[in-house]
Amino acid sequence: MKRKIVSSLVIALVVAFMVPTAFAQDKFPSKPINVIVPFAAGGSSDLLARAVERIWPKFSPQPVVIINKPGGGGVVGTEFVVRSKPDGYTLYLAYGSGHDVVMPHLQKMPYDTYKDLAAVSRLSVHSVAICTGAKSEFNSIKDMVAWAKKENKPITSSVSTKAGAVDITITALGKVAGINIVTIPFAGGADAVTTLAGGHVMIGGGHPSEIMPHIKAGRFKPLAVALPQRDPSLPDVPTLIEQGFNVHTWGSIKGVAAPAATPKEVVEYLDATFKKICEDAEFKKLMVDLAQPIMYQNSADFAKFLQQAYADYGKLIKDLNISIQ
Amino acid sequence: MGIFDGIISGFGVALTPMNLLFGFLGALIGTAIGVLPGLGPAATIALLLPITYSIPSPVPAVILMAGIYYGAMYGGSTTSILLNLPGEAASVVTCIDGYKMAQKGRAGAALGIAAIGSFIAGTVAVVGLTLFAPPIAEFALGFGPPEKFALALLGLLMAVTLSGDSTTKGLIIMVLGLLFGTVGIDPISGKSRFDFGVIELQSGFDFVTLAVGVFGVGEIFYNLEQQGAAEIVTTKVGQVFPKMTDWIKARMAILRGTLVGFFIGIIPGGGAVIASLVSYAVEKKVSKHPEEFGQGAIEGVAGPESANNAASSASFIPLLTLGIPSNASIAMIFACLLIKGVTPGPFLIVEHADVFWGVIASMYIGNVMLIILNLPLVGIWVQLLRVPYSILAPVVILFTMIGSYSIANQAFDLYTLIAFGVLGYALRKLKFEAGPLPLAFILGPMIEGAMRQSLLMSGGSFAIFFTRPISMTIVALFALFVMGQIIVSVRRSSRCARVQKAA
């Protein structure tokens with residue numbers, strides 16, 4: 001009898017231990033979450049992801065693991081997330097980048113950026129800031145336009161990539177101002193910024209995170225930001241609209257997405273966690289150091305915002321007759 | 001704070017037990033990933049970045065990552081010499097003469113000279129970094145698109161010297177390299193070229209995959225076919241340390257390699273890979289016996305291995321003084337500093353003197369650790385050649401696959417690795433020297449991009465290449481080089497004609 005009790009106790013214990021682990025599979029998250037960054041390590045999206053990676057364990061029992069899958073201008077990594085299991089354990093960080101809001105207007109994509117992905121949270125918006133060298137005679141966009149008109153010469157500008165956010169913004173400015181701006185594409189933001197730092201072009205554009213070290217060093221003068229409102233990371237720099245040029249772009253948006261079929265409660269959990277991270281003091285400090293303004297939006301607002309940004313870029317591309325063919 | 005006070009305080013920082021430990025770890029990990037083919041410093045640093053979150057100060061984290069980066073340059077030569085398999089991108093040219101030396105039973109001498117050359121070059125470059133960092137950084141910024149175009153063109157001219165006996169075959173290989181370089185998104189037009197609808201090809205081929213495939217995997221395929229020959233190679237090991245005659249031959253090569261590496265290392269977009277390739281070309285050009293190159297000339301190992309170390313140390317100059325990351329590994333160190341709340345740039349030396357001087361001091365110590373670590377290892381590595389090829393070959397293939405996968409975390413790179421392996425095998429069979437392939441592959445896109453960027457800058461006028469001082473100087477060098485070559489060949493052919501007449 002006694003033995004029977006002991007053995008049934010053992011069985012009960014074993015079952016008791018087994019059941020919670022079986023149920024725990026349902027309680028999200030029960031294992032580390034893979035965050036796919038579709039760009040190379042060390043870039044601005046990667047830095048944002050690593051800031052999240054650092055703060056994430058404060059608010060979640062499972063860590064996030066950053067996996068860089070660069071290639072095809074971001075398409076390779078994004079497609080990987082689109083095709084992965086929609087269980088919330090594979091996320092895409094950088095949702096709203098050039099290959100989401102600009103490229104679909106210019107070329108065929110292997111997936112539908114908006115139907116195949118579910119927006120989770122917006123984390124930041126990387127505006128386009130237009131700069132010139134510290135020794136330049138331009139102190140505002142107006143100076144630059146006046147010079148170009150008086151001398152009847154083209155303005156040269158380095159831009160990170162062809163048909164990228166910086167290229168479109170500066171091309172649009174040239175059209176609105178009625179001057180000829182030659183945009184010279186490079187193989188990424190760092191190259192473009194270095195070329196301006198060497199004084200080889202008259203102006204250049206970049207995200208605040210790319211140009212901040214040079215502004216701090218007194219090597220660059222920021223002339224304008226291209227957002228509709230001022231950028232919190234460059235509060236003293238007027239917008240193009242403030243300076244009388246009716247151009248705005250959304251730069252590069254940085255949010256999080258999951259495969260479209262991810263369960264709603266998982267998306268809600270993820271969104272709530274990202275919200276807590278965006279409100280965390282340590283994260284705020286980190287983002288100031290990275291010159292990436294926190295611009296949190298929840299899932300629903302972010303999805304709507306992306307549609308707007310996508311439509312705005314579509315209109316600009318059509319108006320400017322930009323193509324890559 | 002003057003330079004002297006700065007470096008003294010830097011040693012104060014770098015010699016604390018914690019920082020010494022991290023410096024040693026960096027040197028150790030760097031050597032290991034340098035030895036493992038395909039696994040490069042950039043991927044390793046990315047992998048280790050989360051570990052540094054828990055370290056409160058940025059100094060040990062950066063000391064660790066810097067150690068991994070320049071440590072990889074020490075280890076990179078090992079498999080290049082022993083197996084014709086570049087352990088690191090910057091050790092591709094080391095294969096050419098290093099492997100021939102190993103086949104002749106001189107693996108120990110090659111490994112020894114590589115380690116010592118690395119030490120000398122690394123230390124000299126850190127001295128340069130200590131003394132002249134800010135003015136040199138300003139000079140490097142002067143390299144815009146026209147200068148890069150001229151430099152890359154000069155480099156391509158030198159690539160011809162990497163070809164073996166037949167210049168025609170060398171040119172064919174160069175064109176092949178240029179063609180591979182055109183695959184992917186063209187940065188100027190934004191259009192994707194030769195991708196055949198494959199998204200992975202839009203970012204082009206990866207340099208490491210190409211080099212490891214053509215040299216390493218191709219060599220293994222070739223050796224598997226020639227069972228007997230492979231066995232002979234693996235039983236000859238030879239003496240471990242370089243002879244006196246080796247020293248005399250290699251000493252100027254080390255010096256020239258250091259200078260070449262240092263100057264290429266500071267140019268944005270330069271770096272250790274191009275430095276090693278250019279150094280090899282320079283050695284072959286200045287040598288009194290260029291016919292020995294490709295047959296196991298020790299200068300062909302000493303020069304490039306010194307150059308890649310000097311370049312890796314020198315590439316810290318634009319990072320620390322301007323906040324400009326000049327290559328992927330340095331970009332990761334840049335990221336690490338930013339995450340730690342330290343912005344690299346002109347104010348680093350003022351705002352974070354402990355980081356600036358601490359890292360520089362740690363590089364002196366790191367180089368000493370690396371030479372102490374690597375010289376005894378030479379004896380152990382050469383024993384690797386005693387491992388039967390039937391075991392060695394699959395293990396090596398496995399590591400190259402892990403390495404290739406780690407570059408972009410995608411399976412596609414495994415297929416390209418094998419494809420390049422087959423190409424490398426075919427080239428061996430057809431007696432082509434693959435040397436110019438990687439150089440043309442890297443320089444082709446640089447030449448094309450920089451030329452089109454320059455012409456956009458000038459509104460289409462080619463005068464931009466001749467009116468800027470640095471660019472004009474390089475173009476003049478190029479012209480001298482070509483003229484010299486023409487004069488030499490004209491003289492040779494007229495001498496031949498005279499000899500024929502006499503006969």
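Colleague: What should the 20 residues of helix H18 (residues 389-408) of chain B span at 1.5 Å a residue, and how far apart are its end C-alpha atoms?

Modeller: Keep in mind that this is a predicted model. The expected span multiplies 1.5 Å by one less than the number of residues, so the 20 residues of H18(B) should cover 28 Å. That agrees with the model, where the end C-alpha atoms of H18(B) are 30 Å apart.

Colleague: Which residues of H18(B) are buried, and what covers them?

Modeller: The buried ones are B:Val396, B:Phe399, B:Thr400, B:Gly403, B:Ser404, B:Ser406, B:Ile407 and B:Ala408. As for the cover, it includes helices H3 (41-52), H4 (58-83), H9 (207-225) and H19 (412-429) of chain B.

Colleague: And which residue follows H18(B), and what is its phi?

Modeller: Right after H18(B) you hit B:Asn409. The phi of B:Asn409 is positive, near 55°.

Colleague: How do H4(B) and helix H13 (residues 299-314) of chain B run, roughly parallel or roughly antiparallel?

Modeller: Their axes sit 9 Å apart and the packing angle is about 170°. Anything over 145 degrees counts as roughly antiparallel. So for H4(B) and H13(B) the answer is roughly antiparallel.

Colleague: Which residues make that contact, and how do they divide into nonpolar, polar and charged?

Modeller: H4(B) brings B:Tyr69, B:Tyr70, B:Met73 and B:Ser77, while H13(B) brings B:Glu305, B:Asn308, B:Asn309, B:Ser312 and B:Ser313. Sorted by type, the residues of this contact come to three nonpolar, five polar and one charged.

Colleague: Over to the chains: which helix gives the most to the side of chain B that touches chain A?

Modeller: Across the interface, 47 residues of chain B are in contact with 45 residues of chain A. On the chain B side, H3, helix H15 (328-339) and helix H20 (436-458) each supply at least two residues. That side divides into 29 nonpolar, 16 polar and two charged residues. The helix giving the most, with seven residues, is H15(B).

Colleague: Why does B:Arg193 count as partly exposed?

Modeller: B:Arg193 belongs to strand S2 (residues 192-193) of chain B. A residue needs 20 or more C-beta neighbours within 10 Å to be buried, and 12 or fewer to be exposed. B:Arg193 has 13 inside 10 Å, so it counts as partly exposed.

Colleague: Which residues does B:Arg193 touch, and how far is its C-alpha atom from that of B:Ala479?

Modeller: Leaving out residues up to four places away in sequence, B:Arg193 touches B:Thr182, B:Val183, B:Gly184 and B:Asp186. B:Ala479 is 286 residues apart from B:Arg193 along the chain, and their C-alpha atoms are separated by 32 Å.

Conventions. Residues are numbered from 1 along each chain as its sequence is written. Chains are lettered from A and ligands numbered from 1 in the order in which they are written. This is a predicted model: local features need pLDDT of at least 70, side-chain atom pairs count only at pLDDT 80 or more; totals for chains, interfaces and linings use all residues. Helices (H or I, at least four residues) and strands (E, at least two) are DSSP runs, numbered from the N terminus. Two residues are in contact if their C-beta atoms, placed from the backbone, lie within 7 Å. Ala, Val, Leu, Ile, Met, Phe, Trp, Tyr, Cys and Pro count as nonpolar, Asp, Glu, Lys and Arg as charged, and the others, Gly among them, as polar. Axes are lines fitted to C-alpha atoms, for helices over the stretch in contact, and angles run from 0 to 180 degrees between N-to-C directions. Angles under 35 degrees count as roughly parallel, over 145 as roughly antiparallel, 65 to 115 as roughly perpendicular and the rest as oblique.
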